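The following note sets out several points for a reader who is beginning to study protein structures. Please keep the sequence and the model in view while reading.

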Amino acid sequence: MADVKLLGLWYSPYSNRVEWALKIKGKEYEYIEDDLHNKSPLLLELNPIHKKIPVLIHNGKPICESMVIVEYIDETFEGPPILPKDPYDRAIARFWAKFFAEKEPATGKSFFLKGEEQEKANEETYEMLKVLDNELKDKKFFVGDSFGFADIAANMMGLWVGVFEEASGVLLATREKFPNFCAWRDEYINCSQNKEYLPSRDELITYFKARFQATKSAA
């Protein structure tokens with residue numbers, strides 16, 4: 001029996017962060033798919049506060065919150081480092097992870113809400129994209145010259161936002177308005193270093209197209 005298990009969802013950017021970190025470390029694990037519409041007793045037992053995936057189980061002990069788990073994986077298992085070794089770079093990487101944690105919820109609302117709530121979310125998302133577009137000018141990674149912690153934290157902006165745009169028909173990040181962000185996003189999903197860790201874009205689009213269509217039909 002594996003000493004590491006992961007409760008997750010295949011289409012979740014937060015679950016993907018944890019899988020990505022485990023794969024970077026070359027750590028074998030047992031993956032357990034959960035259902036947020038019918039949460040398993042195991043999920044409710046292991047994450048009774050937030051009742052959300054992902055949950056990492058290591059030697060029978062649960063760890064929750066995706067980027068907390070990524071740090072735990074980096075500190076616990078041998079393999080290539082995920083957080084930078086330099087203290088300043090490590091602080092900057094954590095800054096960007098916190099930035100995404102605070103700002104990304106508005107991005108999801110831009111696609112899944114309607115009316116005034118959607119308009120407010122759009123404004124917040126545009127402000128976020130302005131910050132990212134400025135930060136990513138002439139940059140391949142968020143911190144230093146190598147892929148790492150902050151880039152894993154950015155996976156929703158790197159892959160999922162483009163998927164949401166194509167699946168819903170709602171376009172937020174245009175090349176005219178945000179050229180640096182769009183160039184970074186293209187590199188993010190196409191570079192060989194990332195492709196082996198990201199889920200299939202086509203499968204995500206198929207899933208979210210059906211989800212957006214179901215929401216539209218219900219309305």
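1. Helix α8, which spans residues 179-190, contributes 3 residues to the lining of the largest cavity, and no element gives more. The model under discussion is a predicted one. The complete lining of this cavity consists of K140, F141, F147, D151, W184, E187, Y188, C191 and N194. Sorted by class, these residues comprise 5 nonpolar, 1 polar and 3 charged.

2. How many cavities of 30 Å³ or more does a search of the whole structure find? The search returns 1 cavity. The space in the largest cavity amounts to about 60 Å³.

3. The pockets deserve separate treatment. The largest pocket holds about 1,000 Å³ of space. Its lining is made up of 31 residues, and those nearest the centre are S12, P13, Y14, K52 and I53. Two or more lining residues come from each of α1 (13-25), α3 (66-76), α4 (87-112), α7 (155-168) and α10 (201-218). Which element gives the most to this lining? The answer is α4, with 9 residues.

4. The composition of the largest pocket may be considered next. Its lining contains 18 nonpolar, 5 polar and 8 charged residues. Both domain 1 (4-76) and domain 2 (87-218) take part, each with at least three residues in the lining.

5. The second largest pocket contains about 300 Å³ of space. There are 22 residues in its lining, and P81, I82, S146, F147 and G148 lie nearest the centre. At least two lining residues are supplied by each of α1, α4 and α6, and the largest share, 4 residues, belongs to α6. The classes here are 14 nonpolar, 4 polar and 4 charged residues. The reader may note that F147 appears in the lining of the largest cavity and also among the residues nearest the centre of the second largest pocket.

6. The largest nonpolar core has 65 residues. Within this core, F100, L132, F142, M157, F181 and F208 have the most contacts. Helix α7 provides the largest share of the core, namely 8 residues. At least three core residues come from domain 1 (4-76), and at least three from domain 2 (87-218).

7. Two annotations from UniProt, both in an unreviewed entry, may be set beside the model. The record gives "domain: GST N-terminal" for residues 2-81. Over that range the chain is 38% helix and 21% strand, with 22 Å between the end C-alpha atoms. The record also gives "domain: GST C-terminal" for residues 86-208. There the chain is 73% helix and 0% strand, and the end C-alpha atoms lie 39 Å apart.

8. The backbone has a feature that merits attention at I53 and P54, which are joined by a cis peptide bond with omega of about 0°. P54 belongs to the loop that runs between α2 (41-46) and β3 (55-58). I53, the partner of P54 in this bond, is one of the residues nearest the centre of the largest pocket.

9. Positive phi values occur at two residues that are not glycine. N59 has a phi of about 50° and sits in the loop between β3 and β4 (61-64). D138 has a phi near 60° and is placed in the loop between α5 (115-135) and α6 (149-153).

10. Why do N59 and D138 both count as exposed? The cut-off for this class is a relative accessible area over 50%. N59 is exposed because its relative accessible area is 54%. D138 is likewise exposed because its relative accessibility is 75%.

11. A further loop residue is N38, located between β2 (30-33) and α2. N38 also meets the criterion for exposure, because its relative accessible area is 57%. Along the chain, N38 and G8 are 30 residues apart, and their C-alpha atoms are separated by 13 Å.

Notes:
Residues numbered from 1 in each chain as written. Predicted model: local features only at pLDDT ≥ 70, side-chain atom pairs only at ≥ 80, totals over all residues. Heavy atoms only, no water. Buried < 20%, exposed > 50% of the residue type's maximum accessible area, 1.4 Å probe, protein only. 1 Å grid on protein atoms, 1.4 Å probe; cavity = no way out; pocket = protein on both sides within 12 Å on 5 of 7 lines; lining within 4 Å. Points joined across faces, edges and corners; volume = space filled by probe spheres on them. Nonpolar A, V, L, I, M, F, W, Y, C, P; charged D, E, K, R; others polar. Domains from an automatic or database assignment. UniProt positions renumbered as here; feature names shortened; annotations may be inferred. Core = buried A, V, L, I, M, F, W, Y, C linked by side-chain atoms within 4.5 Å.
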